[in-house]
Amino acid sequence: MGEKLTGNKTPASHWIKLVIFIALTVGFGFLPPLGGGITAQGMQILGLFLGLLFGTIFLDSLIYPALVVMFFLVFFGFKTSGQALQGWLGNPTICTMIAFLVLTDGIKSSGAAEVIAKWIITRKAFQGRPLMFTFFFMFAAFIAGIFLPPTAGMIFFMQIADSCRRVIGYDAKDPWCKWLIVGVSLACVFGTYGLPFKSMIVAIMAPFLGIVKMEVNTALYIVYAYTIGIIFMILYVLLMKLNKVNFEPLKNFDANSVEELQGSLKMNKQQILIIIGFVVAVLYSFLPVLIKTGDAIKFIKTWSLPIWTLLIDAILHIIRIDGKPVLQLEKAFRDGVMWRIVALVGVLTMVSDGLNNPDFGIQPILANFMNSIFGGMSWPVFVLVITVVLVILTNFTSNQVLGMVAGTVIAPIALGYMANGIDLNAFCVIIAFTVECSFMTPAAYATVPIFMGGETMNGESAFLFKKGWQICLIFIIPAVIIITLFGTIFG
């Protein structure tokens, strides 16, 4: 994202970026075909894709670049006005995202996420057990990440971690504090990005899903991502032990002595009902996995996940507690849905459809390019190579942009693997979840500047680069194993 406009004068850089955006979006299509079978229409759709990608990264809005590109989709004849509007707001992926964001906004507003997190941390079973306490501290952040944005979760758990370490007796610079704060950052991100309907995940997967013309299965994606995330957190604590982190002060730590962890740890009726609604909504995705055939599953499939979730949203609004709706739909639709991402994803999906059209000549070139690199690779080797490359790159660049580009490039070769029985969702996890292992530089993810500015790190990055390769390794190992194994089993 580019710099925001400030003051009374628009910086010259804004206009330069805007000219580049227009040149790519419109001008690229008037260039002679690059060769290799790309047609004039292929040049136009490639220009729209490059323009939208540039605008998304560098301009000061996610909305108007998408709207401009949608206009030229109609102008160049790729869509009629009706098709463009339907593809923009009416595709199932966007509707699923909206329905779940409305539901999770209710969970966030009700305070249920904080109650769950505090409850986990204060369990007596974890007191006096340093390794278990450290794991469940991160696990609490992971759970909170399901309902809170990673940045909000990071701020919340930094406060709790700081209070805990003072009571325990750790110095702010102690290695345990550094390991914990990095682990919490990753746990918050993994909790959020383990859900395929969250806004940024939908944006990352949009080019890939548009090309392969399939939809991610919410249930299977969660199984992949959360299995990887939980195994990673277990290995993370063991890695702390191998690095001889001092756990001794934790043996006598009493979580009840931390003021921020006090207060009621019981959910009220509103929080309980919203959590139940969320679970029921997600369970819908598991039914086709558990029930393969029969009239019952055919009947259930007639609704689709977004329709089912929207019904849950409506029911939660109808139910009243003390005269107020459990879920206030007007507020949730206003505050919970990231409409700028909706605007982007709908257009991005339509442009990706064009990239996949063999008549335009782009898809065969991508397929040949990927085959030249990965052709003949076995499925496990492919997963290993892609995962290692993406984990390295995501620590030095925007994970959203990296995932979008990776999905576009991987799609042609993914079609070949899927034809041989590999599960679609494995590729969605590769491009949308592995790129979230980002913590080594401020460019990696927004949570990094937050914990880097705290008392524990205080701007020093030596720890991240010294231990970062070990952290990446314990993520790569379970990610490769789980993606390889589940991709074969669920295919």
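This report describes helix packing, buried and exposed residues, salt bridges and backbone exceptions in one predicted model.

The model is predicted, so that local features need pLDDT of at least 70 and side-chain atom pairs count only at pLDDT 80 or more, while totals for chains, interfaces and linings use all residues. Residues are numbered from 1 along each chain as its sequence is written, and side-chain values use heavy atoms, with hydrogens and water left out.

**Helix packing**

Helices (H or I, at least four residues) and strands (E, at least two) are DSSP runs, numbered from the N terminus. Helix 9 (residues 175-193) packs with helix 11 (residues 218-242) at an angle of about 175°, and their axes lie 10 Å apart. Helix 9 is therefore roughly antiparallel to helix 11. Here the axes are lines fitted to C-alpha atoms, for helices over the stretch in contact, and angles run from 0 to 180 degrees between N-to-C directions. Angles under 35 degrees count as roughly parallel, over 145 as roughly antiparallel, 65 to 115 as roughly perpendicular and the rest as oblique.

Contact means heavy atoms within 4.5 Å. On the helix 9 side, the residues that meet helix 11 include W176, W179, V182, G183 and L186. Their counterparts in helix 11 include Y221, Y226, G229, F232 and M233.

**Buried elements**

Buried means under 20% relative accessible area, exposed over 50%, and partly exposed in between (1.4 Å probe, protein chains only). Helix 20 (residues 424-432) is largely enclosed by the rest of the structure, because nine of its nine residues are buried. Among them are L424, N425, F427, C428 and I430. The buried residues of helix 20 pack against helix 9, helix 10 (199-212), helix 11, helix 18 (379-394), helix 19 (399-419) and helix 22 (462-489). Helices 9 and 11, which pack with each other, are thus both among the partners of helix 20.

A single buried residue may be considered next. L48 is found in helix 2 (residues 40-58) and counts as buried at 0% relative accessibility. Not counting residues up to four places away in sequence, L48 touches L24, T25, V69, F72, L73, F76, F78 and V351. From L48 to A99 there are 51 residues in sequence and 29 Å in space, C-alpha to C-alpha.

**Salt bridges**

Side chains of opposite charge can pair when their charged atoms come close. A salt bridge is a side-chain nitrogen of Lys or Arg within 4 Å of a carboxyl oxygen of Asp or Glu, and a search of the whole structure finds seven. The table lists some of them.

| Pair | Closest N to O separation |
|---|---|
| K173 and E460 | 4.0 Å |
| E248 and K251 | 2.8 Å |
| K331 and D335 | 3.7 Å |

The salt bridge between K173 and E460 joins two loops. K173 lies in the loop between helix 8 (150-168) and helix 9, and E460 in the loop between helix 21 (447-452) and helix 22, so the pair ties together parts that are 287 residues apart in sequence. K173 is partly exposed at 31% relative accessibility, and E460 is partly exposed with a relative accessible area of 43%.

In the pair of E248 and K251, E248 counts as partly exposed at 47% relative accessibility, as does K251 at 41%.

K331 and D335 are four residues apart in helix 15 (residues 329-335) and are separated by about one helical turn. Salt bridges that share partners join D105, K331, R334 and D335 into one network. K331 is partly exposed, with a relative accessible area of 27%, and D335 is partly exposed at 41% relative accessibility.

**Backbone exceptions and surface**

Most residues other than glycine have a negative phi. K213, although not a glycine, has a positive phi of about 55°. K213 is found in the loop between helix 10 and helix 11 and counts as exposed at 55% relative accessibility. D322 is likewise not a glycine and has a positive phi of about 55°. D322 sits in the loop between strand 1 (320-321) and strand 2 (324-325), where D322 is exposed with a relative accessible area of 76%.

F299, in helix 13 (residues 295-301), is exposed with a relative accessible area of 52%. Together with W303, I307 and L310, F299 makes a nonpolar surface patch of about 380 Å². Patches are made of residues with over 30% relative accessible area and no salt bridge, with like charges joined within 9 Å and nonpolar side chains (Val, Leu, Ile, Met, Phe, Trp, Tyr) within 5 Å. Accessible areas come from the Shrake-Rupley method with a 1.4 Å probe, and for residues only the protein chains shown count as cover.
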